[in-house]
Amino acid sequence: AKEAAAAKKNAGKMSVNVDGRVYVDAVSFGQGAGSMATFGDAQDTVQFRTARLGAFGEGFDVFNYKIEVDFAARDSTDDQHTSFKDVYIGVKDLPWLNYVQIGHFKEPFSLEELTSSRYITFMERSTLNSAFVPARNVGVASYHVSENERMTFAFGGFRSIKDTPPYAANDNGGYAFTMRATYLPWYDEATSGRGLLHLGLGYSYRDVDDPNQRIRVRPEVAVGPRVVDTGIITNVEDYHLLDPEIAFVYGPFSIQSEYLVAFYNRSAGADPTFHGAYVQMSYFLTGESRSYNREKGAFDRVKPIENFFRVRTCDGDVETGWGAWELAYRYSWLDLDDAGVLGGTTADHTFGINWYWNPYMRLMFNYVHAQVSPANNAPNSDINVFEMRAQVDF
Amino acid sequence: AKEAAAAKKNAGKMSVNVDGRVYVDAVSFGQGAGSMATFGDAQDTVQFRTARLGAFGEGFDVFNYKIEVDFAARDSTDDQHTSFKDVYIGVKDLPWLNYVQIGHFKEPFSLEELTSSRYITFMERSTLNSAFVPARNVGVASYHVSENERMTFAFGGFRSIKDTPPYAANDNGGYAFTMRATYLPWYDEATSGRGLLHLGLGYSYRDVDDPNQRIRVRPEVAVGPRVVDTGIITNVEDYHLLDPEIAFVYGPFSIQSEYLVAFYNRSAGADPTFHGAYVQMSYFLTGESRSYNREKGAFDRVKPIENFFRVRTCDGDVETGWGAWELAYRYSWLDLDDAGVLGGTTADHTFGINWYWNPYMRLMFNYVHAQVSPANNAPNSDINVFEMRAQVDF
Amino acid sequence: AKEAAAAKKNAGKMSVNVDGRVYVDAVSFGQGAGSMATFGDAQDTVQFRTARLGAFGEGFDVFNYKIEVDFAARDSTDDQHTSFKDVYIGVKDLPWLNYVQIGHFKEPFSLEELTSSRYITFMERSTLNSAFVPARNVGVASYHVSENERMTFAFGGFRSIKDTPPYAANDNGGYAFTMRATYLPWYDEATSGRGLLHLGLGYSYRDVDDPNQRIRVRPEVAVGPRVVDTGIITNVEDYHLLDPEIAFVYGPFSIQSEYLVAFYNRSAGADPTFHGAYVQMSYFLTGESRSYNREKGAFDRVKPIENFFRVRTCDGDVETGWGAWELAYRYSWLDLDDAGVLGGTTADHTFGINWYWNPYMRLMFNYVHAQVSPANNAPNSDINVFEMRAQVDF
């Protein structure tokens, strides 16, 4: 009776759960004299890459909500602002629209983006992501999954908004329409997805609120110099993004790739088209498999077969569990040279080792070697990045 | 026994609960050429109006605490600061003082202010509120309720403090003494308050820390131009606020009104007196009634008779619950012209529709038509505001 | 079975607990004409000294984590930044290293620093603390306790990092190695530590990332003028800190002292050596004893024998519990004059009264009388500080 009363009382309010995540990073750069001349002397950095706290819950049968803020965000002038991450209301089980989300959340676009930074294979997403992929904006979206969970479809309308004040405040547009469909031609039900083939396609139309657009990216690291940079592209009216995805998992082995093309329309001057792509492979030495969320059409949390520990037992022996170990390689490529825009091109090789202590903690080690043809046809140059991360989420 | 032990252990520490709220707003302005000339071209805005997380709890029989911060606050230069909301310690059951609060919380003044923004009828409070009503400050206050819960009385001493650094730091005063009494001549006990008549009176004496005071308000919207503005009023020593309140609830219908007068004292120059007032009416199409908190003498959470849902059932039908629907109108008026101060006057008509999905979520739609006689006898002008909000609290 | 299933499920994720603390301070200065001429007119202040929210938890047998941010921090220009406090991952039961922490936390140095600000006897730590003691930095540390819990030993490597962006980003070092050992020659097991003698020794080697170092401290208050100030000391390469500690508890009485010496090495110019010390005594009028954490080698939470309450009972009487009352005195001294550096010296007398309402709430009253020989041999001067705090943690 007591439990029933509590349940009834609970049904009368939203549930509240607290979650969060912390990534502590150490970054070191390796540069030759030419690299220093081109990109400046990149400084070693120790920093909080991410430090989030949030709350989420559900109630009244069909509703849920989430609010999550990041205390480690900083703007281009290194001034800190507490920035908004997922902040939304959701309504389930609607006819036609199924699940609808209102608020600030990720637009349905790109397998790499929609896989949480907690679960991605490398410390940073590829160059095409920071160049073009829309992350979180304010809008409304509708989400669908087929009955056999082999297909997902999502679409939404968004207003581009900054994560920190003054957000968006103008009459010039900044609207976007984004959609994504995914399909699993093969999914090994017997092993709950230790084998699968994922295909996906994303599309976004993006009206800009500022006709002056600039695209510049770092060599797959959160700090330091931007190695390619279009400078200001004037008179931009809008642009289209198209992003086919493919991923294949076969036991401990996986391969994943995306190709992204961006068509820019300008009210005056030639219309540039930019491209990017990445291919990444990973292998779990300890036998795990990348797990996949069929409702989201994206990768999910890695769960070690045996968690890490190493303790001295009562009789003086040392017992050990090794956690999960993963080796990974990614090749990514981005071309910002077109139609008179001389942004440069970069090809990055990233080698990664991930040590999963348990499902909620991991250490990551990345080495990035970026081969850059910089903006304005400056001489080719290289930059090396050594990165390390301690990660926890809860 | 286990439960008893847990209870005993719990008695040995403060309880901790997490709460929060998020309001996502879209604002659009309608202006003629004259309005644009007078007030500038007000820009459409999408923003987080409020995004709070906090913790509260109680323990040791007579104590409670609360800490709540707002991540969406921004200062006059649009720079974001995490600002403090309710941050206090409370002690119950004291003789003479009854319940005492120490910390940062709302001064006991104004029915509209003391009704949480989660429960107010319109998206923004009236112009008299932003012009004069003290909200949260640091101080100590004592709260009383009569045994029959028909009367409340509260008083407190406060130091005016900004919600963000540098808070208050000077030797020039900035102290306030504030009190409020409320009385329910009629309260329909049988229906738990579906019928009531509320009377209230608030008074505040406010010594200023800065002799240069400025009063300026927006047309009941959180962004955009301030339409009336006194400019700097020099030599201000202190001022008095007087605020009679009345509210009447009769089933789904309610009417509420406040009149506020502010008497300014200056060490040199004439002493201006400013006035403001509002009258608001609302009606629940779905039969709910505005609920009232007799301990606080303020309005409380609206609970829909039937929550919103609209789901496709197994046999293909669509079942629906409509939530609660409320129509509302407010007339507000503010006069900042007196004794040589030419701040202007504004009369605002606001029309509102509220859709309560459940007790913790609602959508709000407001249309404001402000008729302004601007500062310095500039020609009369109008401004229209269309506002929309998605709100959740937990 | 339900409970067992829940326990099993819980074992599969990290636990989450929320904690926090709030200190609301009022500060007033007493200055003569000479003091105003030397230090300026220090302004009265009301402020949040500390306002933290955080989450912590544990899971998978050997892991724990913590994340805690402070919303009340402000930088030297009074701009607010949300700053990081304890943000770390811990691993228990490792061979040789025992308990290891990775992240942002207090370096193992100084009894006064390692005693949480929730438990320290005075509102602010002594002048030697703000002058030299490293607080939280990013690093890795290992913690050990002897089997009889009479000895602790901790050591770690750290990178000096600011609590707010841009944190640390340079190639010039800023590394530190820190260690601390404590020993309890006497600990009264029968009374769980109502009598004890604590000895400790801390050492830190600190390579600086900026050759320009400046040391300046306030008179044991969080706002207002810095009364001693070395100005910029150029060409600093590194420095060593040595810090012997002693503390003695005998029932309600305690005495505690530290002496700190800092040896600076400069690449050019003379090498200055600075000193500081404090001795503090406290006495509980209500019979409590300062409690001690044997795993940390630091003082712990004070628990009143009887919590505070004062309520009118049904028959009209007033029942009272008085909480705990503590009287305290501290003498501290800091000398920043050496080898051509004329930073000045200060000797502070602090008198304190603490009223503990319950283990989680207290009111503090401090009076500081600072006798200063200011920088550059300016004439001696005094400054008086009256401080008051309402404190809660949960």
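Buried area is the accessible area, taken with a 1.4 Å probe, that two parts lose on being put together, summed over both. With that in hand, the contacts between the chains of this predicted model can be introduced one at a time.

A good place to start is the meeting of chain B and chain A. Together these two chains bury about 3,300 Å², and carbon and sulfur atoms account for 72% of that area. Each partner brings a sizeable list of residues to the contact: 40 residues come from chain B and 40 residues from chain A. The search for salt bridges across the interface of chain B and chain A gives a count of zero. Residue pairs in polar contact, with both residues at pLDDT 80 or more, likewise number zero between chain B and chain A. On the side of chain B that touches chain A, at least two residues each are supplied by β1 (17-30), β2 (45-59), β18 (308-312), β21 (341-358) and β23 (381-393) of chain B. Among these strands, β2(B) gives the largest share, with seven residues. Sorted by character, the residues on this side of chain B comprise 21 nonpolar, eight polar and eleven charged.

How, then, are the two copies placed relative to each other? Chain B superposes on chain A with an RMSD of 0.0 Å after a rotation of 120°, with 0.0 Å of shift along the axis. The copies use different surfaces, as 10% of the contact residues of chain B recur in chain A.

The meeting of chain A and chain C comes next. Here 40 residues from chain A face 40 residues from chain C. The buried area between chain A and chain C is about 3,300 Å², with 72% given by carbon and sulfur atoms. No salt bridges are counted between chain A and chain C, and the rule for polar contacts finds zero residue pairs across their interface when both residues have pLDDT 80 or more. The side of chain A that touches chain C draws two or more residues from each of β1 (17-30), β2 (45-59), β18 (308-312), β21 (341-358) and β23 (381-393) of chain A. Strand β2(A) leads with seven residues, the largest share of that side. The make-up of the side is 21 nonpolar, eight polar and eleven charged residues.

A turn of 120° and a shift of 0.0 Å along the axis lay chain A on chain C with an RMSD of 0.0 Å. The two copies are thus related as by a three-fold rotation axis. Only 10% of the interface residues of chain A are also interface residues in chain C, so the copies meet through different surfaces.

Within chain C, a run of neighbouring strands can be followed step by step. Strand β13 (residues 236-250) pairs with strand β14 (residues 253-266) of chain C in the antiparallel sense, over twelve bridges. One of the pairings sets C:E245 against its bridge partner C:E258 in β14(C). The two strands form a hairpin with two residues between them, and C:G251 in the turn has a positive phi of about 60°.

From β14(C) the path leads on to strand β15 (residues 273-284) of chain C, which runs antiparallel to β14(C) and is joined to it by eleven bridges. Here C:Q256 has C:Q280 of β15(C) as its bridge partner. This hairpin of β14(C) and β15(C) has six residues between the strands, and C:G269 takes a positive phi near 95°.

Note on methods:
Residues are numbered from 1 along each chain as its sequence is written. Chains are lettered from A and ligands numbered from 1 in the order in which they are written. This is a predicted model: local features need pLDDT of at least 70, side-chain atom pairs count only at pLDDT 80 or more; totals for chains, interfaces and linings use all residues. Side-chain values use heavy atoms; hydrogens and water are left out. Copies are superposed by least squares on the C-alpha atoms of residues with pLDDT of at least 70 in both. Contact means heavy atoms within 4.5 Å. A salt bridge is a side-chain nitrogen of Lys or Arg within 4 Å of a carboxyl oxygen of Asp or Glu. A polar contact is a pair of N or O atoms within 3.5 Å; within protein, one must be able to donate a hydrogen and the other to accept it, and residues adjacent in sequence count only if both atoms are side-chain atoms. Helices (H or I, at least four residues) and strands (E, at least two) are DSSP runs, numbered from the N terminus. Ala, Val, Leu, Ile, Met, Phe, Trp, Tyr, Cys and Pro count as nonpolar, Asp, Glu, Lys and Arg as charged, and the others, Gly among them, as polar. Two strands pair if DSSP finds at least two bridges between them.
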